[in-house]
Amino acid sequence: MVLVQNYITPCQAYLPNASSSQVDVMHQLGWFRSGHNRRAPGCVIRSENVTETSTSSCQDRLGRRQFLAVGPTIAPLLLMTSQIPTSFAAENKKGFLPVTDKKDGYSFLYPFGWQEVVVEGEDKVFKDVIEPLESASVNLVPSSKEDIRDFGSPQQVAETLIKKFLASPSQKTKLIEASERIVDGKTYYMLEFVAQAPNYTRHALTVVCIGNGKFYTLTTGANERRWGKMKDRLHTVVDSFQIFNV
């Protein structure tokens, strides 16, 4: 494992500076876990080795003649095996990898090449190891609400989350768009905004939804200077986010 110092998700970076009024708002929205630690932790990159199986091992065991002889017999089986991942991930897009959390009931896609990192207080975080502002983080907390609409319109929820939670109080923020979509009977709010700091501007996308007694939030983004290059991929991330009953 490799220890990565000073990586903090956007949400966690701002929590230590929250005022009492901001904390009240976040409590109302159900953002705090019981006993949530608001310290800014480091993180650990998880590395996974991927191995591939080929017909060369079969060829080594059987010999060239035997391999050619049984080829017509095993070919359909090999074809069937190769088709399983494709059918299982039929909705995946080229250049993305799927994440499915069967315990908490959500799934989404993230760009190939991003690394999973462990951040205290976040359920899952994936990030680009070169561009620190390019990341996707999932946060979920208990909620007594049954629908995101119970918190208000997309515009109302966006303004509250951005100003009180998704951006630092010292940053200048601008809401670009707040919209709604319905998938399988569940309502999702989609937010687009920019947060300007003294030395950078982050262009971010957030999707929020309620289900399974939880308030789900996925936020992704990039440095404004790379937005033109990354926006399609980041939209794919938030558009792919779905929750399911568990």
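Good morning. A residue is called buried when its relative accessible area is under 20%. With that term in place, I will discuss a predicted model, starting from one strand and working outwards.

The strand is β4, which spans residues 106-111. How many of the residues of β4 are buried? The count is 6 of 6, and the strand is described as mostly covered. The cover is found on both faces: on one side Tyr106, Phe108 and Tyr110 are buried, and on the other side Ser107, Leu109 and Pro111 are buried as well.

Let us next consider the partners of this strand. β4 pairs with β3 in the antiparallel sense, over 6 bridges. Within that pairing, Phe108 of β4 is the bridge partner of Val99. The hairpin formed by β3 and β4 has 4 residues between the strands, and Gly105 in this hairpin adopts a positive phi near 80°. β4 also pairs with β12, residues 242-243, again in the antiparallel sense, here over 2 bridges. In this second pairing, Ser107 stands opposite Gln242.

I turn now to the nonpolar core. In soluble globular proteins, nonpolar side chains tend to be buried together. The largest nonpolar core in this model has 27 residues, and those that touch the most other members are Tyr106, Phe108, Tyr188, Leu218 and Phe241. Several elements each supply at least two residues, among them β3, β4, β7, β9, β10 and β11. Which element provides the largest share? That element is α5, with 5 residues.

Phe108 deserves a closer look. Leaving aside residues up to four places away in sequence, Phe108 touches Leu97, Pro98, Val99, Phe126, Val138, Leu218, Val237, Ser240 and Phe241. There is also a second, separate core of 16 residues, which includes Ile148, Phe151, Tyr189 and Ile210.

Finally, I wish to point out two loop residues. Most residues other than glycine have a negative phi. Asp184, in the loop between β8 and β9, has a positive phi near 55°. Is Asp184 buried or exposed? Its relative accessibility is 71%, and the cut-off for exposed is over 50%, so Asp184 counts as exposed. Asn212, in the loop between β10 and β11, likewise has a positive phi near 55°. Because its relative accessible area is 26%, Asn212 is classed as partly exposed.

To close, I return to the starting point: β4 has 6 of its 6 residues buried, and Tyr106 and Phe108 are among the core residues that touch the most other members. Thank you for your attention.

Note on methods:
Residues are numbered from 1 along each chain as its sequence is written. This is a predicted model: local features need pLDDT of at least 70, side-chain atom pairs count only at pLDDT 80 or more; totals for chains, interfaces and linings use all residues. Side-chain values use heavy atoms; hydrogens and water are left out. A nonpolar core is a set of buried Ala, Val, Leu, Ile, Met, Phe, Trp, Tyr and Cys residues joined through side-chain atoms within 4.5 Å. Buried means under 20% relative accessible area, exposed over 50%, partly exposed in between (1.4 Å probe, protein chains only). Contact means heavy atoms within 4.5 Å. Two strands pair if DSSP finds at least two bridges between them.
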